[in-house]
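Open the structure in your viewer and keep the selection tool ready. The stops below are meant to be followed in order.

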Amino acid sequence: LHAVVGRHPGAAVRRDDIALVPLTDRRKDLSPMSKPRILVARNIFPEVVERLSQHFEVESNPQDVVWTPAELAQKLADKDGALTTGSQRVDAALLAAAPRLRIVANMAVGYNNFDVDAMTAAGVQGTNTPDVLTETTADFGFALLMATARRMAESEHYLRAGQWTKWSYDLFAGTEVHGSTLGILGMGRIGQGIAKRGAHGFGMNVVYHNRSRLTPELEAECKARYVSKEELLRTADHLVLVLPYTPASHHAIGAAEIAQMKPTANLINIARGGIVDDAALAQALKDRRIAAAGLDVFEGEPAVHPELLTVPNVVLTPHIASATVPTRLAMANLAADNLVAFFEGRGPLTPVNTPAGKRA
Ligand code: GLV
């Protein structure tokens with residue numbers, strides 16, 4: 001084709017040259033819009049991008065550039081769908097700049113990066129990736145709980161720094177896990193997974209608070225008892241946060257809530273930054289008002305509150321609770337499946353909204 005159209009890819013094509021272009025190429029040239037156009041906003045598994053390419057015209061991001069909102073808007077100007085991660089904000093301004101956009105498939109179970117009302121009003125479908133990450137994320141929640149209670153990060157740093165010279169009776173003595181009280185704030189699928197691990201694996205006394213109570217059957221399965229938020233704060237030896245981030249859960253744990261916790265308690269956040277007031281938590285850890293914290297998510301991440309980086313009694317991980325290879329692959333595939341099902345007219349598999357009308 002290059003020889004036909006001349007030396008420069010952009011050179012004008014003469015009418016008699018057109019006949020030399022193979023029919024299939026011409027078809028493609030004449031109807032470049034035949035397949036929906038999809039933007040994959042961050043680098044993901046190449047095999048999933050390849051699979052998307054069988055259905056769509058795909059613009060992907062193999063360099064994994066973190067686009068600014070303006071760059072993202074520009075990329076979406078001619079796209080019909082997008083695969084996003086939790087770090088792309090989808091709001092009214094972005095939607096206005098993307099008039100063709102009909103669906104955004106988030107590769108995350110949480111979708112606080114979506115302005116769902118704005119999407120619904122604009123006729124844009126949103127989807128997320130529930131279920132496929134439940135057990136993996138519950139595993140990690142429990143791992144972070146144990147690492148925090150048993151001071152694994154702090155003691156490892158001490159050893160690596162060559163500070164370990166002798167056994168001591170109280171060297172990195174932590175808090176008990178088995179038989180203690182596990183408090184869970186937010187009792188969705190992941191919260192239930194953590195409750196089961198604690199109750200059945202570690203003989204923990206499980207209490208929870210949630211917007212709505214579980215059915216008696218689910219409470220029995222999780223061996224979990226519903227309590228008020230106040231009782232949860234007051235009684236938990238380990239308080240695990242697994243609730244969605246919404247305006248109502250902003251700073252659900254701040255100085256006043258931390259003050260109600262036991263001085264020996266640990267706080268674990270695997271939900272979202274912003275649910276905890278990180279400045280208040282850093283101060284509380286410094287003052288030893290609670291024993292320790294384990295944090296996988298941060299307000300304004302990937303930035304971390306500087307005080308949290310200096311206090312020893314906190315385990316910090318970079319938002320990796322769902323990060324095993326099989327689970328991340330399942331998440332990417334589910335996001336892709338949502339796009340395929342939507343454009344095939346089968347409806348999204350895991351919708352987060354029900355847009356009333358279609359975009360023009
Ligand atoms: C990760 O944070 C997710 O919401 O899936």
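The tour goes from the whole chain to two helix pairs and then to three single residues.

**Whole chain**

Start with everything shown as a cartoon, and keep in mind that this is a predicted model. The chain contains 16 helices and 12 strands. Taken along the principal axes, a box of roughly 90 × 50 × 35 Å holds its C-alpha atoms. Of the 360 residues in the chain, 45% are buried. If you draw the contacts between residues at least 6 apart in sequence, 62% of them join residues at least 24 apart.

**Helices α8 and α10**

Select residues 134–149, which form helix α8, and residues 189–202, which form helix α10. Two packed helices are described by the angle between their axes and the distance between the axes. Here the axes come within 8 Å and cross at roughly 55°. The two helices, α8 and α10, are therefore oblique to each other. Their crossing is right-handed.

Now show side chains on both helices. On the α8 side, the residues that meet α10 are Thr134, Glu135, Thr137, Ala138, Asp139, Gly141, Phe142 and Met146. Their partners in α10 are Arg189, Ile190, Gly193, Ile194, Arg197, Gly198 and Phe202. Coloured by class, this contact of α8 with α10 shows six nonpolar, five polar and four charged residues.

**Helices α4 and α16**

Next select residues 46–53 for helix α4 and residues 325–343 for helix α16. Their axes come within 10 Å and cross at roughly 10°. Angles under 35 degrees count as roughly parallel, so α4 is roughly parallel to α16. From α4, the contact takes in Glu47, Val48, Arg51 and Leu52. From α16 come Leu329, Ala332, Asn333, Ala336, Asp337 and Leu339. By class, the residues in the contact of α4 with α16 are six nonpolar, one polar and three charged.

**Asn113**

Move to Asn113, in the loop between β4 (103–106) and α7 (116–121). Is Asn113 buried or exposed? Its relative accessibility is 6%, so Asn113 counts as buried.

Which backbone oxygens lie by the polar atoms of its side chain? One belongs to Thr85, at 3.2 Å from a polar atom of the Asn113 side chain. Another belongs to Gln88, at 2.9 Å from a polar atom of that side chain. Leaving aside residues up to four places away in sequence, Asn113 touches Thr84, Thr85, Gly86, Gln88, Arg89, Val90 and Asn106.

**Val227**

Select Val227 in the loop between β8 (224–226) and α12. Val227 has a relative accessible area of 3% and is buried. Measure to Tyr208 with the distance tool: the C-alpha atoms of Val227 and Tyr208 are separated by 5.9 Å, although the two residues are 19 apart along the chain. Beyond residues up to four places away in sequence, Val227 touches Val207, Tyr208, His209 and Leu232.

**Thr235**

Finish at Thr235, which sits in helix α12 (residues 229–235). With a relative accessible area of 23%, Thr235 is partly exposed. Its side chain reaches the backbone oxygen of Glu231 at 2.7 Å. Not counting residues up to four places away in sequence, Thr235 touches Thr181, Val207 and Lys262. Val207 is thus on the contact lists of both Thr235 and Val227. As a last selection, add Gly183: its C-alpha atom is 7.6 Å from that of Thr235, with their positions 52 residues apart along the chain.

Key. Residues are numbered from 1 along each chain as its sequence is written. This is a predicted model: local features need pLDDT of at least 70, side-chain atom pairs count only at pLDDT 80 or more; totals for chains, interfaces and linings use all residues. Side-chain values use heavy atoms; hydrogens and water are left out. Axes are lines fitted to C-alpha atoms, for helices over the stretch in contact, and angles run from 0 to 180 degrees between N-to-C directions. Helices (H or I, at least four residues) and strands (E, at least two) are DSSP runs, numbered from the N terminus. Angles under 35 degrees count as roughly parallel, over 145 as roughly antiparallel, 65 to 115 as roughly perpendicular and the rest as oblique. A crossing is left-handed if the near helix is turned anticlockwise from the far one by less than a right angle, and right-handed if clockwise. Contact means heavy atoms within 4.5 Å. Ala, Val, Leu, Ile, Met, Phe, Trp, Tyr, Cys and Pro count as nonpolar, Asp, Glu, Lys and Arg as charged, and the others, Gly among them, as polar. Buried means under 20% relative accessible area, exposed over 50%, partly exposed in between (1.4 Å probe, protein chains only). A polar contact is a pair of N or O atoms within 3.5 Å; within protein, one must be able to donate a hydrogen and the other to accept it, and residues adjacent in sequence count only if both atoms are side-chain atoms.
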